[in-house]
Amino acid sequence: QMCKETGSKLVLGVNGFEYSIPSSIWELSALQELVLYGNYLRGSISSSISNLQRLKVLNLDRNLLTGT
């Protein structure tokens with residue numbers, strides 16, 4: 001699937017991304033929907049997710065993330 005950024009939506013599902021979620025994503029303060037499902041993302045979700053105060057939808061399903 002292609003990367004799509006339309007206004008406040010970023011869809012990067014099923015792209016084969018590995019390792020951690022890029023820190024630059026946490027700087028997209030206007031983001032309302034973030035879709036990263038079906039990749040190989042690892043580690044924990046950064047506390048910087050709190051920067052995304054407008055975020056309404058977060059889909060990280062089918063990754064290798066840890067933590068609560």
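How much accessible surface does the protein have, and what share of it belongs to carbon and sulfur atoms? The accessible surface comes to about 4,600 Å², of which 49% belongs to carbon and sulfur atoms; accessible areas come from the Shrake-Rupley method with a 1.4 Å probe, and for residues only the protein chains shown count as cover.

The structure on screen is a predicted model, in which local features need pLDDT of at least 70 and side-chain atom pairs count only at pLDDT 80 or more, while totals for chains, interfaces and linings use all residues. Residues are numbered from 1 along each chain as its sequence is written, and side-chain values use heavy atoms, with hydrogens and water left out.

**The whole chain**

Begin with a cartoon of the entire protein, whose secondary structure comes to zero helices and seven strands, running β-β-β-β-β-β-β from the N terminus on. Helices (H or I, at least four residues) and strands (E, at least two) are DSSP runs, numbered from the N terminus. If you then colour by accessibility, 25% of the 68 residues count as buried, where buried means under 20% relative accessible area, exposed over 50%, and partly exposed in between (1.4 Å probe, protein chains only). Of the contacts with a separation of 6 or more, 39% are made by residues 24 or more positions apart, a contact being heavy atoms within 4.5 Å.

**The three-stranded sheet**

Next select residues 18-19, 40-44 and 64-66, which are strands S3, S5 and S7. These three strands form an open sheet in the order S3-S5-S7, with parallel pairing, and S3 and S7 are the edge strands, each pairing on one side only. Two strands are taken to pair if DSSP finds at least two bridges between them. S3 is joined to S5 by two bridges: Glu18 has Tyr40 as its bridge partner, and Tyr19 stands opposite Leu41. On the other side, three bridges join S5 to S7, and among the residues involved Arg42 has Leu64 as its bridge partner.

Stay with S7 and pick Thr66, which lies in that strand. Thr66 and Gly43 are 23 residues apart in sequence, yet their C-alpha atoms are 5.5 Å apart in space. Not counting residues up to four places away in sequence, Thr66 touches Gly43, Ser44 and Ile45.

**A charged pair between S3 and S5**

Now show the side chains of Arg42 and Glu18, which form a salt bridge with the closest N and O atoms 4.0 Å apart. The pair links distant parts of the chain, Arg42 in strand S5 and Glu18 in strand S3, 24 residues apart. A salt bridge here is a side-chain nitrogen of Lys or Arg within 4 Å of a carboxyl oxygen of Asp or Glu, and by this rule the count comes to one. Arg42 is partly exposed, with a relative accessible area of 39%, and Glu18 is likewise partly exposed, at 42%.

**The nonpolar core**

Hide the charged pair and select Leu10, Leu12, Ile21, Ile25, Trp26, Leu31, Leu34, Leu36, Leu41, Leu52 and Leu60, the eleven residues of the largest nonpolar core. Such a core is a set of buried Ala, Val, Leu, Ile, Met, Phe, Trp, Tyr and Cys residues joined through side-chain atoms within 4.5 Å. In soluble globular proteins, nonpolar side chains tend to be buried together. Centre the view on Leu36, which, leaving aside its neighbours within four places in sequence, is in contact with Leu12, Gly13, Ile21, Ile25, Leu41, Asn59, Leu60 and Asn63.

**Two buried asparagines**

Which side chain reaches the backbone nitrogen of Leu41? Select Asn63, in the loop between strand S6 (57-59) and S7, whose side chain reaches that nitrogen at 3.1 Å and the backbone nitrogen of Tyr40 at 3.5 Å. These are polar contacts, meaning pairs of N or O atoms within 3.5 Å; within protein, one must be able to donate a hydrogen and the other to accept it, and residues adjacent in sequence count only if both atoms are side-chain atoms. Asn63 is buried, with a relative accessible area of 16%, and its contacts beyond four places in sequence include Asn39.

Finish at Asn39, in the loop between strand S4 (33-35) and S5, which is buried with a relative accessible area of 3%. A polar atom of the Asn39 side chain lies 3.0 Å from the backbone oxygen of Leu12, and the backbone oxygen of Leu36 also lies 3.0 Å from a polar atom of that side chain. Beyond four places in sequence, the contacts of Asn39 include Gly13, Val14, Asn15, Gly16, Phe17 and Arg62.
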